[in-house]
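Student: Could we go through this structure step by step? I would like to start with the sheet and then look at what packs around it.

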Amino acid sequence: MLNGTGHDLGTALVVVLAALVGAAFAIPMQIQKPGSPPGQPQPTPAPQPDPAVELSVFNAAPGYEWSLTRAIEAWNTSGVRVHLYLAHEAGADITVTIASSSPCGSDPDVAACTGLGHSGPRTIWIVQRLDRFDEAGVLVHELGHILGLKHDTSGGCAAMTPSLWENCDPPPPGEWRCRLLAPADSERAIRILGGAARPATGAVFCRTGEFAS
Ligand SMILES: [Zn+2]
């Protein structure tokens, strides 16, 4: 049966085909570089390294910004493909806050806890108030968990041992362990996030008085 419906369908099909033909002509003109002879292969761009994982950190723990800044610097200079930065507003990827012991279980020795991996917003719960130097060690450890690291005791003196500095020599009197990450920590994080290990620089211990800010 010939009717208006059949005619309309034919018209519609013609319109669609015309649009596709137009697109087929338009696309090569848009990507052709001015001045390049037609058909000449374009140079392949050099491969770019993957961008670093960017994670914002909001400090909601009064008095611990100094410690948090040291911990962030340690990871940012480790060679791990990550960039942590302080954000001064709630809703950051990572929030550092002081809590009662409830978020971290009932072990009275626990200093802080957080989640493993950075697949969603994370909170670092500080449940034991330590001095700023030990807190820097705690925070570099908790940030390590957020980068995907579990506890490990095989690397000697390292940040990711279950207890703070458990395989490390104590600092001399009046000093603190200002080299917060060991090569074992960085290498394990590089296996997760990529990057290139950098040789450790700077002193292992620093005088506490120089950082009393
Ligand atoms: Zn831990």
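**The sheet and its surroundings**

Tutor: This is a predicted model. Its open sheet is built from 5 strands, ordered β2-β1-β3-β5-β4, with mixed pairing.

Student: Which are the edge strands?

Tutor: Look for strands that pair on one side only. In the order β2-β1-β3-β5-β4, read off the two ends. The edge strands are β2 and β4.

Student: In which sense do β3 and β5 pair?

Tutor: Strands of a sheet pair through backbone hydrogen bonds, either parallel or antiparallel. I98 stands opposite I126 in β5. Between β3 and β5 there are 5 bridges, and their sense is parallel.

Student: What angle does the direction of α3 make with that of β5?

Tutor: Helix α3 packs on the sheet and touches β2, β3, β4 and β5. Its direction and that of β5 make an angle of about 150°.

Student: Which element gives the largest share of the largest nonpolar core?

Tutor: In soluble globular proteins, nonpolar side chains tend to be buried together. Here the largest nonpolar core has 35 residues. Elements giving two or more of them are β1, α2, β2, β3, β5 and α3. The largest share is 6 residues, and it comes from α3.

Student: Which residues does V57 touch, leaving out those up to four places away in sequence?

Tutor: V57 is among the core residues that touch the most other members. With residues up to four places away left out, V57 touches L68, I72, L84, Y85, L86, A87, A92, I94 and V96.

Student: Is A60 buried or partly exposed?

Tutor: A60 lies in strand β1. Beyond its close neighbours in sequence, A60 is in contact with T95, V96 and T97. A buried residue needs 20 or more other C-beta atoms within 10 Å. A60 has 14, so A60 is partly exposed.

Student: How many Å separate the C-alpha atoms of A60 and I98?

Tutor: Along the chain, A60 and I98 are 38 residues apart. In space, their C-alpha atoms are separated by 7.5 Å.

Student: What do the buried residues of α2 pack against?

Tutor: The buried residues in α2 are S67, L68, R70, A71, I72, A74 and W75. An α-helix has 3.6 residues a turn, so residues three or four places apart point the same way. The buried residues of α2 pack against β1, β2, β3 and α3.

Student: How far apart are the end C-alpha atoms of α2?

Tutor: α2 has 12 residues, at 1.5 Å a residue, so its expected span is 16 Å. The model agrees: the end C-alpha atoms are apart by 16 Å.

Notes:
Residues are numbered from 1 along each chain as its sequence is written. This is a predicted model: local features need pLDDT of at least 70, side-chain atom pairs count only at pLDDT 80 or more; totals for chains, interfaces and linings use all residues. A nonpolar core is a set of buried Ala, Val, Leu, Ile, Met, Phe, Trp, Tyr and Cys residues joined through C-beta atoms within 7 Å. A residue is buried if 20 or more other C-beta atoms lie within 10 Å of its own, exposed if 12 or fewer, and partly exposed in between; C-beta atoms are placed from the backbone. Helices (H or I, at least four residues) and strands (E, at least two) are DSSP runs, numbered from the N terminus. Two residues are in contact if their C-beta atoms, placed from the backbone, lie within 7 Å. The expected span of a helix is 1.5 Å times one less than its number of residues. Two strands pair if DSSP finds at least two bridges between them. Axes are lines fitted to C-alpha atoms, for helices over the stretch in contact, and angles run from 0 to 180 degrees between N-to-C directions.
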